Amino acid sequence: MKLLSVVGARPNFMKIAPFIRAISDYNQSANQKIEHILVHTGQHYDQNMSEAFFQELGIPRPDVNLGVGSGSHAEQVGITMIELEKVFRKEKPDWVIVLGDVNATLAASVTAKKEHIKCAHIEAGLRSGDIKMPEEVNRLVTDRLSDLLFTPDRLSNENLKSEGVLDEKIKFVGNIMIDTLEAKRKKAAEHSIEQIIKSNSIHRPSPNAQHPTPISYALMTMHRPSNVDDPDILSAIIDFLCDDVAAKMPLIWPIHPRTEARLKEFALWDKLTDNQNIIVLHPLGYLDMLRLNMDAGIMLTDSGGLQEECTVLGTPCITLRWNTERPVTLQEHGGASVLVGNDVSTARKEFRRMIQEKRKPAIPELWDGKTAGRILKEILSF
Ligand code: UD1
């Protein structure tokens with residue numbers, strides 16, 4: 001059997017690593033080996049947005065890199081489809097495997113089906129209900145086209161069923177990203193917080209600034225267009241970070257390239273970096289980010305993956321979004337996260353409440369570190 005997986009952006013990398021490991025485990029004992037081709041679309045291309053994850057997570061070098069780079073959505077998806085069509089025609093895989101909801105996921109599922117190749121979607125069935133999110137468009141199209149839909153939780157099964165997806169296509173397997181978390185937890189714990197800050201600082205606060213010690217710092221990530229592309233929204237969030245969060249505790253912020261560019265464009269960069277209690281870092285590798293999350297007093301984020309990791313680690317998480325495609329991570333479902341949108345007064349209120357909270361790790365059903373093996377088994381027995 002020949003499988004071809006397509007990845008493109010940072011959140012794909014922690015999902016493909018366990019799947020590739022499951023294939024190599026299988027091949028060690030199987031008579032008929034699985035051939036696996038890995039294609040990187042090149043949507044993320046900075047060393048610390050891409051290559052660093054391949055090294056840390058032991059992902060083999062991609063067999064093909066399409067080098068699509070940055071651009072509008074139509075450009076990224078269009079170029080990826082043109083290039084993938086050539087690869088699929090040459091390689092003729094039995095299955096194309098797509099992950100998550102990035103532009104590579106959409107481009108690969110559409111191209112696979114146009115080439116009459118079976119497509120499996122890992123992390124299927126998530127719905128935010130917000131069609132203005134580019135990822136929601138990617139999810140809807142990919143799930144409509146895929147032959148096997150691997151869901152991380154039962155709510156996702158219900159979403160798919162309510163859209164008329166046949167039962168036999170839906171396989172509840174758990175969350176593959178948690179396979180990576182469980183595999184790397186011990187290794188991450190060995191990383192030193194001081195060293196992470198020292199090696200990744202863009203802006204270092206003065207020596208008199210408080211140093212983060214376990215359970216006394218806030219951790220932040222933010223990159224969604226809805227938060228960073230509007231100067232008024234971004235400016236209000238920066239005020240909240242400076243006046244409320246950094247006034248209470250050190251704030252560590254590994255910054256996405258898009259966000260850094262917008263902060264500079266809207267003349268907000270100096271306000272952020274002048275604050276002695278805010279530590280701005282380059283985007284971090286997987287292990288460093290996991291290490292910081294393990295001891296953070298609170299997370300502020302608009303990332304879906306971090307909401308999930310906070311649930312498993314128990315880090316109280318303020319989610320800077322109005323909706324989530326991952327309701328299982330919300331406090332009302334037993335998770336660690338609350339939604340505050342970009343309403344700064346709600347964020348302020350929740351921040352005051354949540355810094356009092358104790359860590360409450362929760363493990364949703366089948367988030368057990370064994371999802372990749374279940375996925376491979378289903379593909380083989382299809
Ligand atoms: C993409 C995904 C999003 C995911 C995020 C994680 C889609 C639709 N979006 O959004 O779901 O949460 O990745 O990071 O696929 N840039 C660099 N270097 C890089 C990559 C990007 O400088 O290696 C800059 C470029 O200026 C680019 C901007 O960041 O224009 C945004 O990158 P892009 O790949 O378009 O989308 P993300 O916002 O990263």
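Here are three short exercises on the ligand and the pockets of this predicted model.

**Exercise 1. The ligand and its neighbours**

Find which residues come nearest to the ligand, and which side chains place polar atoms beside its oxygen atoms.

*Solution.*

Step 1. Start with the residues around the ligand. There are 19 of them, and His44, Asn103, Glu135, His223 and His256 come nearest.

Step 2. Sort that shell by class. You should find nine polar residues, six nonpolar and four charged.

Step 3. Now look for N or O atoms within 3.5 Å, the cut-off for a polar contact. In the side chain of Glu135, an N or O atom is 2.5 Å from an oxygen atom of the ligand. Gln43 has a polar side-chain atom 3.0 Å from a ligand oxygen. For Arg258, the separation between a side-chain N or O atom and an oxygen atom of the ligand is 3.4 Å.

Step 4. Turn to the surface of the ligand. Taken alone, the ligand exposes 740 Å², and 84% of that is buried by the protein.

Step 5. Trace the shell back to the helices. Elements giving two or more residues to it are α1 (10–29), α3 (73–91), α5 (134–145) and α11 (257–265).

**Exercise 2. The largest pocket**

Work out which pocket the ligand takes up, and describe the lining of that pocket.

*Solution.*

Step 1. Match the ligand to a pocket: the space it takes is the largest pocket. The volume of this pocket is about 1100 Å³.

Step 2. Examine the lining, which has 46 residues; nearest the centre of the pocket lie Arg10, Pro11, His44, His223 and His256.

Step 3. Assign the lining to elements. Two or more residues come from each of α1, α2 (47–56), α3, α5, α11, α13 (286–295) and α14 (304–313).

Step 4. Divide the lining by class: 20 residues are nonpolar, 15 are polar and 11 are charged.

Step 5. Put the two exercises together. His44, His223 and His256 are among the residues that come nearest to the ligand, and these histidines are also among those nearest the centre of the largest pocket.

**Exercise 3. The second largest pocket**

Describe the second largest pocket by its volume, and say which element gives the most to its lining.

*Solution.*

Step 1. Take the volume: this pocket holds about 230 Å³ of space.

Step 2. List the lining. It has 15 residues, with Asp130, Met133, Arg224, Ser226 and Arg321 closest to the centre.

Step 3. Find the elements that give two or more residues; they are α5 and α9 (225–228). The most comes from α9, with three residues.

Step 4. Finish with the classes: five nonpolar, five polar and five charged residues make up this lining.

Methods:
Residues are numbered from 1 along each chain as its sequence is written. This is a predicted model: local features need pLDDT of at least 70, side-chain atom pairs count only at pLDDT 80 or more; totals for chains, interfaces and linings use all residues. Side-chain values use heavy atoms; hydrogens and water are left out. A residue is near a molecule or strand if one of its heavy atoms lies within 4 Å of it. A polar contact is a pair of N or O atoms within 3.5 Å; within protein, one must be able to donate a hydrogen and the other to accept it, and residues adjacent in sequence count only if both atoms are side-chain atoms. Accessible areas come from the Shrake-Rupley method with a 1.4 Å probe; for residues, only the protein chains shown count as cover. On a 1 Å grid over the protein atoms alone, a cavity is a set of points where a 1.4 Å probe fits but cannot get out, and a pocket is an open set with protein on both sides within 12 Å along at least five of seven lines; lining residues have an atom within 4 Å of a point. A molecule sits in a cavity or pocket if more than half of its atoms lie within 2 Å of its grid points. Helices (H or I, at least four residues) and strands (E, at least two) are DSSP runs, numbered from the N terminus. Ala, Val, Leu, Ile, Met, Phe, Trp, Tyr, Cys and Pro count as nonpolar, Asp, Glu, Lys and Arg as charged, and the others, Gly among them, as polar. Grid points are joined across faces, edges and corners, and a volume is the space filled by probe spheres set on the points.
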